[in-house]
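Student: I would like a close look at a single part of this model, followed outward to whatever it touches. Please give one connected account.

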Amino acid sequence: MIIEIEINGEPCRGEIEPRTLLSDFIRHTAGLTGTHVGCEHGVCGACTVQLDGETVRSCLMLAVQAKGRSVLTVEGLAPGDAALHPLQRAFHEHHALQCGFCTPGFLLTAEALLRERPDPSEREVREALAGNLCRCTGYEGIVNAVLDVARAGRPDVA
Amino acid sequence: MKPAPFGYVAPSTIAAALGALGEDAKPLAGGQSLVPLLNFRLARPETLVDLNGIAELAYLRRSDGTLRIGALTRQVTIERSAVVAEGWPLLAQAVRHVAHPAIRNRGTVGGSVAHADPAAELPVALTALDARFHVRSAARGTRTIAAADLFLAPLMTALEPDELLVEIEVPPPPAGARSAFVEHARTHGDFAVAGAAVVRAGREHAAVALLGAGPTPVRAPDAEHALRHGASAAEAAAIAGAGLDDDYRRALTTELVRRALEEAQAG
């Protein structure tokens with residue numbers, strides 16, 4: 001069957017089988033390899049993308065289920081080729097990544113958190129990120145990066 | 001791994017879905033439990049009946065004091081619902097323990113119930129709330145099942161292969177009811193080892209449902225009876241845990257029930 005999914009604002013058409021996972025459509029059909037596949041059963045969070053603005057595990061959805069809907073991947077996060085998204089910049093500054101495999105999932109999870117809750121406590125950040133596994137950093141840098149972006153977005157903090 | 005090949009249908013009405021269900025067909029709701037099973041090839045249905053396009057299965061409403069939850073209602077909807085928070089806070093308390101936000105965005109209430117994982121939170125909360133489950137088939141129409149009769153064994157319910165869970169009906173809790181949901185998991189969002197859902201209203205009403213105390217959600221009728229006759233949280237908790245053979249599980253369950261009862265009493 002042939003389906004079309006909007007990915008990062010661009011329509012993407014491809015021929016798939018019903019069993020094709022959304023993660024594989026993103027990587028192989030759209031060629032966007034920023035979405036990483038870790039465990040492929042919903043535990044690690046590396047493949048997290050946003051579907052119509054809400055985080056989902058792309059390995060736990062069939063591509064056909066995203067037909068006609070809008071997907072955001074890490075490639076669509078930065079405003080342009082030259083600039084980084086504030087979260088990406090904060091991850092860089094706080095050493096919130098080492099190997100980087102888990103980073104796209106963390107970024108999309110954190111972006112959704114800050115849109116829903118612009119001023120989260122550290123506990124809320126940790127809870128929101130609990131579904132994403134990082135084996136390098138010990139999470140401190142990641143949590144600090146997200147809190148930093150939240151603080152920068154608050155008008156009462158310079 | 002990748003799923004084995006399957007046929008795929010995406011009906012837009014309940015009637016069309018019922019027509020497609022049967023021995024070798026499996027309904028797909030949020031997919032947060034079924035897709036991992038497909039990826040591991042532990043489930044190899046001939047046909048997947050995708051319910052996600054059935055608008056008449058996705059609703060949450062209060063009518064005549066009763067909460068009616070369409071089977072396709074997402075877990076996140078329960079989490080954010082003002083109606084649930086006000087009238088059935090136990091469901092909001094329980095759903096926050098269901099995995100992680102990205103899972104709750106897709107996962108459905110009906111899916112949690114029909115999958116019947118013994119470590120799932122919503123079936124335990126619904127058991128404490130005396131929920132009733134409406135299931136429908138093309139051949140036999142609608143029937144209503146109580147929680148005690150629905151959950152038979154781990155991952156097994158009384159649903160026949162051609163039946164679809166369509167609605168969960170939650171009766172109004174007694175006046176002044178207070179509730180709590182407490183569980184122990186190794187990390188937040190992981191499968192719970194044990195847990196307890198409790199509802200108290202004055203002296204007369206006490207519901208205690210346990211997670212991890214058996215192959216299905218179970219009520220603790222002896223502990224409920226003791227509570228109605230003035231037992232303290234600690235005394236009732238000891239009774240609730242007493243039947244468990246495993247030392248660790250008994251100690252953990254007893255402690256969790258005590259905490260849940262005290263939290264509910266503190267309101």
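**The hairpin of chain A and its surroundings**

Tutor: A:Val49 stands opposite A:Val56, a residue of strand 4 of chain A. The model is a predicted one. The pair belongs to two antiparallel strands of chain A, strand 3 (residues 48–51) and strand 4 (residues 54–57), which are joined by four bridges. Together strand 3 and strand 4 of chain A make a hairpin with two residues between them. In that turn, A:Asp52 has a positive phi of about 45 degrees.

The surroundings of this hairpin may be considered next, beginning within its own chain. The domain assignment divides chain A into domain 1 (2–75) and domain 2 (86–152). The C-alpha centres of domain 1 and domain 2 of chain A are 21 Å apart. Across the boundary, 15 residues of domain 1 of chain A are in contact with 11 residues of domain 2 of chain A. On the domain 1 side of chain A, the elements that contribute two or more residues are strand 3 and strand 4 of chain A, the two strands of the hairpin. Strand 3 of chain A supplies the largest share of that side, three residues. By class, the residues on the domain 1 side are six nonpolar, eight polar and one charged.

The hairpin also takes part in the boundary between the chains. There, 21 residues of chain A are in contact with 24 residues of chain B. Strand 4 and helix 4 (122–128) of chain A are the elements that give two or more residues to the chain A side. Of these, strand 4 of chain A gives the most, with four residues. The chain A side comprises seven nonpolar, eight polar and six charged residues. Strand 4 of chain A is thus listed on the side that touches chain B as well as on the side of domain 1 that touches domain 2 of chain A.

Beyond that boundary lies the partner chain. For chain B, the assignment gives domain 1 (7–50), domain 2 (56–170) and domain 3 (179–266). The C-alpha centres of domain 1 and domain 3 of chain B are 35 Å apart. Chain B also has antiparallel pairing, in an open sheet of four strands with the order 11-12-13-14. Strand 11 (178–185) and strand 14 (218–219) of chain B are its edges, each pairing on one side only. Eight bridges join strand 11 of chain B to strand 12 (residues 192–201) of chain B, and B:Ser179 has B:Val199 of strand 12 as its bridge partner. Helix 8 (residues 121–128) of chain B lies across strands 11, 12, 13 (205–211) and 14 of chain B, at about 25 degrees to strand 12.

The packing can be followed from there. In soluble globular proteins, nonpolar side chains tend to be buried together. The largest nonpolar core in the model has 130 residues, and B:Ala125 and B:Val198 have the most contacts inside it. Leaving aside residues up to four places away in sequence, B:Val198 touches eight residues: B:Ala128, B:Ser179, B:Ala180, B:Ala207, B:Val208, B:Ala260, B:Leu261 and B:Ala264. Helix 11 (residues 233–241) of chain B has buried residues as well, among them B:Ala236, B:Ile239 and B:Ala240. The cover over its buried residues includes strand 13, helix 10 (221–228) and helix 12 (247–266) of chain B.

Notes:
Residues numbered from 1 in each chain as written. Chains lettered and ligands numbered in written order. Predicted model: local features only at pLDDT ≥ 70, side-chain atom pairs only at ≥ 80, totals over all residues. Pairing = 2+ DSSP bridges. Contact = placed C-beta atoms within 7 Å. Nonpolar A, V, L, I, M, F, W, Y, C, P; charged D, E, K, R; others polar. Axes fitted to C-alpha atoms, helices over the stretch in contact; angles between N-to-C directions. Domains from an automatic or database assignment. Core = buried A, V, L, I, M, F, W, Y, C linked by C-beta atoms within 7 Å. Buried ≥ 20, exposed ≤ 12 C-beta atoms within 10 Å, placed from the backbone.
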